[in-house]
Structure formats: C-alpha cells, structure tokens
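Open your viewer and get ready to select a few places one after another. At each stop you will read what to select and what is there.

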Amino acid sequence: MALKKEIYFVGDLEFLETEFNSKLTSKIYKEYYKLASKQVPVQLTVDGIDLIVWDPKENLQLYKGDEILQNLRIYTDLIVVVNLFKYQDQPDLPCQRLLQQRLTSCVYLVVESKEEEESSVRFTEDSIIFSDGYVIKEQSKEYCPNCRAKLDPNRKDKEVCQYCNAVLEDLFYRQRGLDNNQLFKKRKKLKKSEIELKSPGQVQNGEKIIEIKHLEVRFSVRGKVLTAIRNVSLDIIKGEIIAIVGESGSGKSVTTKTLNGMLEENGRVSDGVINYAGVDLAKFSSDVEWLNIRGKRIAMIFQDPLTSLNPLRRIGSQIAEVIKIHRGLSKAEAKEEAISLLKRVGIPNAEKRYTDYPFQFSGGMRQRVVIAIALACSPDILICDEPTTALDVTIQAQILDLIKELKDEYGFTVIFITHDLGVVAEIADRVAVMYAGQIIELGTANDIFYNPQHPYTWALLSSLPQLGQKGEKLYSIPGTPPSLFNRIHGDAFAPRNSFALKVDFVEEAPLFKVGGQHYAKTWLLDPRAPKVERPKIISEIPARVAAIYGGGEKVE
C-alpha cells in the first residue's frame, strides 16, 4: 500500500510571523476569532494556505500514544499547524526555507499516511490528531510538562514539579540567553532550597529592610584579583528612595548586584553580611537560593530597556510569563493582569499594544514596559540602574514621576543608581556617594547638596552644569580613579584632591558623623585637622538653586 510522507510545522504564530509576512498573520488572527466562539482548533484557508489554528486555554503537549514527547510553550494566543510539503514549491512562501532552517522553537512532525487519505490530520475540541499516532493536546495536570515527572498530589496548585519550577523562576539564566532545554538541564544540578524568608509585612516603614555590613566583592580578571567593593556598610530603610551616585567604575552597580545574585561568574562576595528578610544573602552560593528573591522580592530595571526585552516576542507575553511563573495565574488571568499593569505604567491603548513588539515602542515607552515587568510580582525593593540615562530630559522627568507614584502606591523601596546629581535632586530621600568601591559620604538629599563634607562630593557638585553660570568655566575633576587591582593606601581620592592632607596618602579615614543621618569619610572632619575653605560654588549652592527656580526658598 502506497504511503505519502509529509512534514507539518507546529508552532507559535509569533515564530511563524518571523518568516511569513505580517499581513498574512494578521488575517489568521482575524479569521480565527471570527469563526472560533470557543477556544477550539479550527480549519482555515488564508491566502490559499490551509491551516489549523488553535487558541488553547493552557500550554500544549505533544504525545506519541501515551508518551509525552515535548511541551509546546505558547507566547502569543495562537498555535498554527501547516503542511510545509504541500506549499514548498510556491516561491512567494517561505516553506522551503522553513524546512531547511528547522527553527528550534517549533516542532516539525514527519507524518506518514495512506495515499488515498485526503488529510493526515484531524482535530477535536481539545486536541489535534495526526494519522500515525502524534497527538497535540492541552497539558496533563498529572505530569510535569517540562521533565514529564509525575506531579506530587500534595502540590496540586503547582503546574510544574518542584525542581522545574525552580529553573523556570531562574530569570538570571534567561538574561544570559539560555533556552528552555538548557535551563531544564540545570535542574539536575539544583538542590532543594530550605531557605525561609520573613513576610514583607514584618518590616514597617522607617525600619531597616536591608542591612549591609563590611561588604567586599572581588573579581578574578586574567589571573589578577580586582577588589570592586571595599568594606561597604549601608542600611536600606523601607519606603525610602536612596540614590547611589558616583563616577563610572565606583562600584554602584556591583553593590546592588549583590542584592539579587546577579554578579558576573568571575565575581564573588569575599567578605561581609547582607541581612534581608531574616537571611544573609552574602552566604548564597547557588542559584536555587536566589529563586525566591530575584524578581519576586527584589526586582531590577536597567539603563537600556532593549537589553531587558526579547525583541522577537510580544511585550504582553513577556509580562504575562513573569506573572504566570511567579504568581501561578492562568493564561487568561495573566493576560488581564499584564494589560492592567500596562495601563498603570501609562501605556495608552494597552489592550492593542499588548500584542506589539519592543521595536514598535519609543525608548520611554519601552522603559515603562520594563517597569511593568518589574512590578508584576509586587516586589519589596526596586533597583533602578540608571533607568533614565538613555532618555531625553522630558521623558526622564516622566519616568522619575512614574517611579515616585508607583513607590507610594505599591509601598516598595527604591535603590536608584545614577551618576547624574541633577536626577538625584529630583527623586532621592537619601544619597550615598561612592568612589573607588567605598561609600565616602552618606546623608539626606539636603545634607549632600547643601552641606557636603567630602572633597569628592564637592568636586561632583562643582561639575554640575545646572549650577554653572554664564561666563564661568565648568569645573572638571582632574586625574583618573585608581586601579582597584592594586591595594589602596589612605584616601583613594587623595591624588586628585587639592584639599588632601598628608595623612590622606597614608591612612584611610574613618566614617565621621556630621550630624543626624549625615556621615563622611574624610580626615577634614577630624578635630585636629586644619580648617579648609570649601570651593566658592559649594557655598553658593543655596543661592544658585534659588535663582534657577525663580527665587524659590533657600534651604539652609
């Protein structure tokens, strides 16, 4: 009996759209939702192409008999089945190219059937059936859709097994470009985490939410050791916006990366304590220990939103994925919540924009999408790593206002990293000034701007363009920061500091208390030190700020 062999493409419409033209995929959407009153497979003919299209309630699984072969993750709403052999000779369609490329994100089924059969595939209300035993149907609730291990009946609220759930939550690896198959392989290396975190409600506003003590971070670089963070101690207060400022390479980003386990592979916390929710984060040695922290309790947004968003996936699916993984919502509930978040961060016409790609948004709108992803799990702490640097001034102001509004609404703490003191003045309650891996001054925003004590803080403020006057040369800090491959003797800023004392070159200054919450690491505050007159511009800051804002009230 003669047999015919066919190859069927089974994949998410989002991946098919990368090969077919967008007009065709738009027609598929329109025709499917015109015919399908329920979430069932339907047969469509669009522009002469026969398709089976399905908007399932859950993710799908591929079976051969009773054996689960593969889990099909759906990022858009629709999954599509098309016979590539049938259209491979049509030059205006990319079927031949799809056959050659074999996209790894899709399934290619080789199906043999009798010649007299009109079709090798049929469908019911909840499955698609191929003639030689392949079946696609919604995922079984009894087995893990990823590793196909039997689920623990005592964990019926979970959609995947405990270890696969850990891997799926590990967004750290996703940011390094690992696909699902690579992630699941890492499952074997993960051990069960027995870490118990305190509830967020146990810390009240005004209390310490994170306590960093004597933190030291080292990196191994080409056989040498670079000490990026040197003996940093800092308390983060719940409900505040604390800004960390300094030049590039001062240690701002590295300090915050230790809070959510995002240090590069050649970096490690070599000393110190990071107390959060009753555990010491500095002792975490495996990725599984970070699973209930990263993204879920401590979220982060970055300078360039394009590095945080997958350019090949619709933004709605990227938000919904985080919601489904961390909060366990269904596909429909996750979509509804994602649209609500898009509306809240100021995306107009959110229902329609839900299916757009990152390139269809402006820079400011993309940053709003990233903020929506960060808010998806209602974190305790939001780390903002220079989120406005790549934006123009008008959009900067809008993003800063949005962060402040969301902070008040959701009640999270903000750690804001920037090198722009102008931005700090707009948003921060407290400011930590970093230089060469150390916090050299810490205080309220008013303390730092109107009563700075460290010569490095004077230099930063003196170089602010906003404080400059017509005809006055803009100040620039001479020299370069020291190499952190070498041991630092005394004050790291001393070689660039025209106010340096002899002791600054031989011995490191302690952190002197100026008053209230204000501290500075400079020998100029020692009672034995000679009196030094601060730069003229520092003494004139209150008057210059008042002039900028049209005669506003001075802050003494």
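Is the crossing of H12 and H13 right-handed or left-handed? Select both helices and turn them so that one lies in front of the other. The crossing is right-handed. Keep in mind on this tour that you are looking at a predicted model.

**Stop 1: H12 and H13**

Helix H12 covers residues 363-375, and its axis runs 11 Å from that of H13 at an angle of about 15 degrees. Angles under 35 degrees count as roughly parallel, and H12 and H13 are therefore roughly parallel to each other. To see where they touch, show the side chains of Gly364, Gln367, Arg368, Ile371 and Leu375 in H12. On the H13 side, their partners are Ile395, Gln398, Ile399, Leu402, Ile403, Leu406 and Tyr410. Colour this contact by class and you will find eight nonpolar, three polar and one charged residues.

**Stop 2: Threonine 388, just before H13**

Next, select threonine 388, in the loop between strand E17 (381-385) and helix H13 (393-410). Its relative accessible area is 3%, so threonine 388 is buried. Leaving aside residues up to four places away in sequence, threonine 388 touches Gln396, Ile399, Leu400 and Val423. You have already met Ile399, in the contact of H12 with H13.

**Stop 3: Threonine 256 in H8**

Another threonine comes next: threonine 256, in helix H8 (residues 252-257). Threonine 256 is buried, with a relative accessible area of 1%. Which residues does threonine 256 touch, not counting those up to four places away in sequence? Select Ile244, Met300, Ile383, Ile415 and Ile417 to see them.

**Stop 4: H9 and H10**

Now go to helix H9 (residues 315-327) and helix H10 (residues 331-344), which pack with their axes 8 Å apart and at an angle of about 120 degrees. That angle makes H9 oblique to H10. H9 passes H10 in a right-handed crossing. For the contact, select Ile315, Gly316, Ile319, Ala320, Ile323, Lys324 and Arg327 in H9. Then add Lys331, Ala334, Lys335, Glu337, Ala338, Leu341 and Leu342 in H10, which they meet. By class, the residues of this contact divide into eight nonpolar, one polar and five charged.

**Stop 5: Aromatic rings**

Switch to showing the rings of the aromatic side chains. The count comes to nine aromatic pairs. One of them joins phenylalanine 284 and tryptophan 290: the pair is edge-to-face, 4.8 Å centre to centre, with 75 degrees between the planes. Phenylalanine 284 is buried at 13% relative accessible area, and tryptophan 290 is buried at 6%.

Move on to tryptophan 458 and phenylalanine 499, an edge-to-face pair with 5.1 Å from centre to centre and 85 degrees between the planes. This pair links distant parts of the chain, with the two positions 41 residues apart in sequence numbering. Tryptophan 458 sits in helix H16 (residues 455-462), and phenylalanine 499 is in the loop between H16 and strand E21 (512-515). Are these two buried or partly exposed? Tryptophan 458 counts as buried at 4% relative accessibility, whereas phenylalanine 499 is partly exposed at 23%.

Before leaving the rings, select Tyr435, Tyr456 and Phe493, which form one aromatic cluster.

**Stop 6: H18 and its cover**

Select helix H18 (residues 541-548) and highlight its buried residues: Ile541, Pro542, Arg544 and Ala546. What covers them includes helix H15 (445-450), H16 and helix H17 (536-539).

**Stop 7: Two positive phi angles**

Arginine 222 lies in the loop between strand E11 (208-221) and strand E12 (224-237). Its phi is near 50 degrees, a positive value in a residue other than glycine. With a relative accessible area of 77%, arginine 222 is exposed. Asparagine 231, within strand E12, also has a positive phi, near 60 degrees. Asparagine 231 counts as partly exposed, at 45% relative accessibility.

**Last stop: the whole chain**

Zoom out to the full protein chain, with its 18 helices and 22 strands. Of its 556 residues, 52% count as buried. Among contacts between residues at least 6 apart in sequence, 64% join residues at least 24 apart.

Technical notes. Residues numbered from 1 in each chain as written. Predicted model: local features only at pLDDT ≥ 70, side-chain atom pairs only at ≥ 80, totals over all residues. Heavy atoms only, no water. Axes fitted to C-alpha atoms, helices over the stretch in contact; angles between N-to-C directions. Helix = DSSP H or I, 4+ residues; strand = E, 2+ residues; numbered from the N terminus. Parallel < 35°, antiparallel > 145°, perpendicular 65-115°, else oblique. Left-handed = near helix turned anticlockwise from the far one by under 90°. Contact = heavy atoms within 4.5 Å. Nonpolar A, V, L, I, M, F, W, Y, C, P; charged D, E, K, R; others polar. Phe/Tyr/Trp six-rings, centres within 6.5 Å; stacked < 30°, edge-to-face > 60°. Buried < 20%, exposed > 50% of the residue type's maximum accessible area, 1.4 Å probe, protein only.
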